[in-house]
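Trainee: I would like to test some structural labels against their cut-offs. Can we take them one at a time?

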Amino acid sequence: MKVVVDTSSLMALVRYYLPFDNDNSLKDFFKKKVENKEIIVLDKVVIESKRTAKGFIVKNLEFLEEKKNQVKTELLLPDASFLRDLENRLCYVARKNTLNAVEFDNRKQNYLESADAKLLLFCIENKDPLNLEKSLIVTEETKTDNDLKVFKKLP
């Protein structure tokens, strides 16, 4: 199983669990799993982590900044099926209808370059055809509104 983590999960790890990790056993365990690619950290997630809470995540999990511990996402491109799902299932239609075509395309392009989209694309691309090995996205999302964003949060 491949476990792919998002920024909010890393924030929860750093904020709620690492303060009690007096002997660094949890941090060392997490570092080992990242280095062995049992836990996948995408480069977009690391970039987002640097911008979140003044880099609090990467200050505490400094090993995330090492390129060998990141999976590159530049070649993760959406196919037609993903784009259809993006517009039909992952989009708030009421918010989409308030935008003109150019504004919507700009928001869609921004979303496609976001860490959330890259997490989904990574799991789709690394899907095992026999469903023997699954990819799992670990995310921590609130049930609050999506700040008037056009696209939904990861479930």
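The exchange below sets values against definitions.

Mentor: Keep in mind that this is a predicted model. Start wherever you like.

Trainee: Why is C91 called buried?

Mentor: Buried means under 20% relative accessible area. C91 has 3%, so C91 is buried.

Trainee: What about C123, buried or exposed?

Mentor: C123 has a relative accessible area of 15%. That is under 20%, so C123 is buried.

Trainee: How many disulfides does the structure hold?

Mentor: It holds 0 disulfides. A disulfide would need a pair of cysteine sulfur atoms within 2.5 Å.

Trainee: Now the helices. What makes S9 buried?

Mentor: S9 sits in helix α1, residues 7–17. Its relative accessibility is 13%, under the 20% cut-off, so S9 counts as buried.

Trainee: Which residues does S9 touch, leaving out those up to four places away in sequence?

Mentor: S9 touches V138, T139 and E140.

Trainee: Why is F56 called partly exposed?

Mentor: F56 belongs to helix α4, residues 56–60. Its relative accessible area is 33%. Buried stops at 20% and exposed starts over 50%, so F56 is partly exposed.

Trainee: Which contacts does F56 make beyond four places in sequence?

Mentor: F56 touches M11, V14 and R15.

Trainee: How far apart are F56 and L86 in space?

Mentor: Their C-alpha atoms are 31 Å apart, with the two positions 30 residues apart in sequence numbering.

Trainee: On to charges. How many salt bridges does a search of the whole structure find?

Mentor: The search finds 8 salt bridges.

Trainee: What makes E65 and K50 a salt bridge?

Mentor: The closest N and O atoms of E65 and K50 are 3.5 Å apart. The cut-off is 4 Å, so the pair qualifies. E65 lies in the loop between α4 and α5, and K50 lies in helix α3, so the pair ties together parts that are 15 residues apart in sequence.

Trainee: Are those two partners buried or partly exposed?

Mentor: E65 has a relative accessible area of 40%, so E65 is partly exposed. K50 has 40% too, so K50 is partly exposed.

Trainee: How do you know that E66 and K68 form a salt bridge?

Mentor: Their closest N and O atoms are 3.7 Å apart. That is within 4 Å, so the label holds.

Trainee: Why is K68 called exposed, and E66 partly exposed?

Mentor: K68 has 55% relative accessibility, over 50%, so K68 counts as exposed. E66 has 35%, between the cut-offs, so E66 counts as partly exposed.

Trainee: What makes E87 and K96 a salt bridge?

Mentor: The N to O distance is 3.6 Å. The limit is 4 Å, so E87 and K96 pass. Salt bridges that share partners join E87, K96 and K108 into one network.

Trainee: Why is E87 called partly exposed, and K96 likewise?

Mentor: E87 has 25% relative accessibility, above the buried range, so E87 counts as partly exposed. K96 has 24%, so K96 is partly exposed.

Trainee: Last one. At what angle do the axes of α3 and α8 cross?

Mentor: They cross at roughly 160° and come within 9 Å. Angles over 145 degrees count as roughly antiparallel, so α3 is roughly antiparallel to α8.

Trainee: Is that crossing left-handed or right-handed?

Mentor: The crossing of α3 and α8 is left-handed.

Trainee: Which residues meet there?

Mentor: K44, V45 and E48 in α3 meet A115, K118 and L119 in α8.

Terms used. Residues are numbered from 1 along each chain as its sequence is written. This is a predicted model: local features need pLDDT of at least 70, side-chain atom pairs count only at pLDDT 80 or more; totals for chains, interfaces and linings use all residues. Side-chain values use heavy atoms; hydrogens and water are left out. Buried means under 20% relative accessible area, exposed over 50%, partly exposed in between (1.4 Å probe, protein chains only). Helices (H or I, at least four residues) and strands (E, at least two) are DSSP runs, numbered from the N terminus. Contact means heavy atoms within 4.5 Å. A salt bridge is a side-chain nitrogen of Lys or Arg within 4 Å of a carboxyl oxygen of Asp or Glu. Axes are lines fitted to C-alpha atoms, for helices over the stretch in contact, and angles run from 0 to 180 degrees between N-to-C directions. Angles under 35 degrees count as roughly parallel, over 145 as roughly antiparallel, 65 to 115 as roughly perpendicular and the rest as oblique. A crossing is left-handed if the near helix is turned anticlockwise from the far one by less than a right angle, and right-handed if clockwise.
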